[in-house]
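Reader: I am new to reading structures. Please take one part and go through it closely with me.

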Amino acid sequence: MIEERLDRFARGELSAEESRALAQEALNTPDLFEEMTCAAMARTGLPDRRPRRTVWPRLAALAAALVVGAVALYTLRHSTPEPTATLALSGPPVFLAHTLDAAAQFRGAEPESRAPRAEGSITAVADGTASVDLGSLDGLAKGSEVEVLRNGTPAGKIGLDTIFRERARGQVTGGLTVRPADRVRVPAALYLRAVLDQIAALVARGDTAGAQRMAGLAAADPNLAVASPDYADWNNLGAMAALRGDRDAARRFYRRALQANPPGDARREIENNLARSGSAQ
Amino acid sequence: MTSRTGPPLERDPASDYRRLVSVLASRAARFGSRDPEGAAQEALRRSLENPKSRHAVEYYLGEESPAASPAPEWPLDRLLAWLHGVLQFVVREEQSRVGFRREISGAPVFDPADSAPDTLDALVARETRDIVWACFAGIDREYRQVLELRMDGWKYGEIARRLGVNENTVATWVSRGTRELGRRIRTRMGGDHD
């Protein structure tokens with residue numbers, strides 16, 4: 001009962017009355033008070049990055065500000081170089097290491113790992129349970145679902161309950177009849193996350209060339225953002241773009257890295273990378 | 001340097017909030033206070049000075065039921081995070097005064113010069129944000145992913161479709177992720193102060 005209420009507190013779902021009742025219990029139980037305080041810090045310390053809505057009365061002022069800003073930007077761009085470029089740093093870009101979690105290491109740490117795959121096949125069907133040739137290496141986890149494709153379009157799903165490194169099995173949902181060799185697809189977010197994890201593992205091993213090859217899978221994918229890359233992911237994609245000479249892409253990735261709230265030391269490295277990518281123009 | 005003499009309150013907070021003072025005092029002791037009871041009372045006094053936190057303290061943590069009182073502007077999580085920050089601020093003020101500030105590895109240090117409510121609110125928010133981000137990278141990928149999408153304003157249904165899981169799984173990951181993050185914050189604070 002208390003666990004269920006703490007879960008709802010952690011999701012911000014308790015009413016004011018329910019919150020008071022829980023707070024009153026916590027006053028009698030210091031350990032509960034401590035747990036709630038730390039969960040409250042977790043909730044309130046994460047930034048709200050939702051796009052801000054503009055109200056109508058402010059639109060005129062906003063439009064005026066945009067015009068002024070555009071004129072100022074135009075003037076600046078035609079008179080001075082980008083500020084970061086003036087740092088004129090040289091040398092190769094710096095990669096940032098992740099604190100890899102167990103799942104990420106399981107997916108990507110072995111030297112002979114194959115690349116994550118976005119699609120695979122059903123390998124066996126028995127008693128409503130389907131086995132597929134995709135696994136944690138491809139971003140799947142217990143509770144994930146893969147789409148079953150018929151003629152290239154989704155026809156149903158398999159809810160996975162057993163996950164291995166390169167295979168998984170689970171229950172077919174929605175009454176669909178599946179057969180071995182049917183194609184299945186990993187959700188884009190999970191697949192891309194697996195690619196980013198493997199890039200991180202390759203970077204951590206010092207295999208820049210391997211990471212560079214893998215980066216081609218992620219960098220060009222328009223859905224990349226759904227994998228929630230963190231500052232290190234964005235920075236490393238930027239570093240790889242810089243190594244292959246694509247400075248525009250490198251700067252774009254570095255800016256995304258700076259928007260992802262890097263801690264102080266990492267922020268400085270990313271800013272230096274951004275300066276490097278601009279200094280050689 | 002600030003003192004512990006603010007404007008007089010109509011009632012004695014120590015008796016109206018005796019259990020809260022007790023809980024805050026045990027936390028102040030863990031933060032290294034030499035006068036945990038005094039630090040707890042000071043944190044409470046400053047919380048009652050700020051109109052927003054005052055209403056929330058009275059509503060959620062008062063000994064008497066707030067029968068006809070409207071719900072406060074602040075939710076409970078905002079209040080608890082505030083109380084943590086104010087208490088830590090008060091303890092650091094105390095340590096600064098008596099000149100025995102301990103070196104706390106990795107912990108940002110408040111400037112105790114200005115404890116006005118607005119300034120204090122900003123300091124508390126900054127400190128909370130710093131420690132949360134320091135711990136955020138350590139939680140499981142799945143939890144981090146859904147919390148990041150929530151930060152970006154995604155609804156449970158949207159996240160579920162993106163990740164190929166159902167909405168109940170998303171809700172579970174949000175609560176587990178938040179509580180796991182809370183546990184890491186707790187461990188970090190314990191490590192900082194023990």
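**Where chain A meets chain B**

The contact takes 49 residues from chain B and 47 residues from chain A.

Reader: Which helices of chain B supply at least two residues each to the side that touches chain A? Please start there, then look at residues and helices of chain A.

Author: Keep in mind that this is a predicted model. Seven names make up the list for chain B. They are helix H2 (18-30), helix H4 (51-61), helix H5 (76-98), helix H6 (117-136), helix H7 (141-151), helix H8 (156-163) and helix H9 (167-193). H9(B) gives the most to this side, with 11 residues. Sorted by class, the side of chain B that touches chain A has 24 nonpolar, 11 polar and 14 charged residues.

Now take Asn261(A). Its place is the loop between helix H9 (247-259) and helix H10 (264-279) of chain A. Leave aside its neighbours within four places in sequence. Asn261(A) is then in contact with Pro47(A), Tyr231(A) and Trp133(B). Trp133(B) belongs to chain B. Pro47(A) is 214 residues away from Asn261(A) in sequence. In space, their C-alpha atoms are 9.4 Å apart. Is Asn261(A) buried or exposed? It falls in between. Asn261(A) has 18 other C-beta atoms within 10 Å, so it is partly exposed. Buried would take 20 or more.

Compare that with Gly170(A). This residue sits in strand E5 (residues 168-173) of chain A. Gly170(A) counts as buried because it has 23 C-beta neighbours inside 10 Å. Its contacts, not counting residues up to four places away in sequence, are Thr129(A), Ala130(A), Ile158(A), Gly159(A), Leu160(A), Asp161(A) and Thr162(A). Val132(A) lies 38 residues from Gly170(A) along the chain. Their C-alpha atoms are separated by 8.7 Å.

Last, a pair of helices. Two packed helices are described by the angle between their axes and the distance between the axes. Take helix H2 (residues 16-28) and helix H3 (residues 30-45) of chain A. Their axes come within 5 Å and cross at roughly 130°. That angle is why H2(A) is oblique to H3(A). On the H2(A) side, the contact is made by Glu25(A), Ala26(A) and Leu27(A). On the H3(A) side, Leu32(A), Phe33(A) and Met36(A) take part. By class, this contact has 5 nonpolar, no polar and 1 charged residues.

Conventions: Residues are numbered from 1 along each chain as its sequence is written. Chains are lettered from A and ligands numbered from 1 in the order in which they are written. This is a predicted model: local features need pLDDT of at least 70, side-chain atom pairs count only at pLDDT 80 or more; totals for chains, interfaces and linings use all residues. Helices (H or I, at least four residues) and strands (E, at least two) are DSSP runs, numbered from the N terminus. A residue is buried if 20 or more other C-beta atoms lie within 10 Å of its own, exposed if 12 or fewer, and partly exposed in between; C-beta atoms are placed from the backbone. Two residues are in contact if their C-beta atoms, placed from the backbone, lie within 7 Å. Ala, Val, Leu, Ile, Met, Phe, Trp, Tyr, Cys and Pro count as nonpolar, Asp, Glu, Lys and Arg as charged, and the others, Gly among them, as polar. Axes are lines fitted to C-alpha atoms, for helices over the stretch in contact, and angles run from 0 to 180 degrees between N-to-C directions. Angles under 35 degrees count as roughly parallel, over 145 as roughly antiparallel, 65 to 115 as roughly perpendicular and the rest as oblique.
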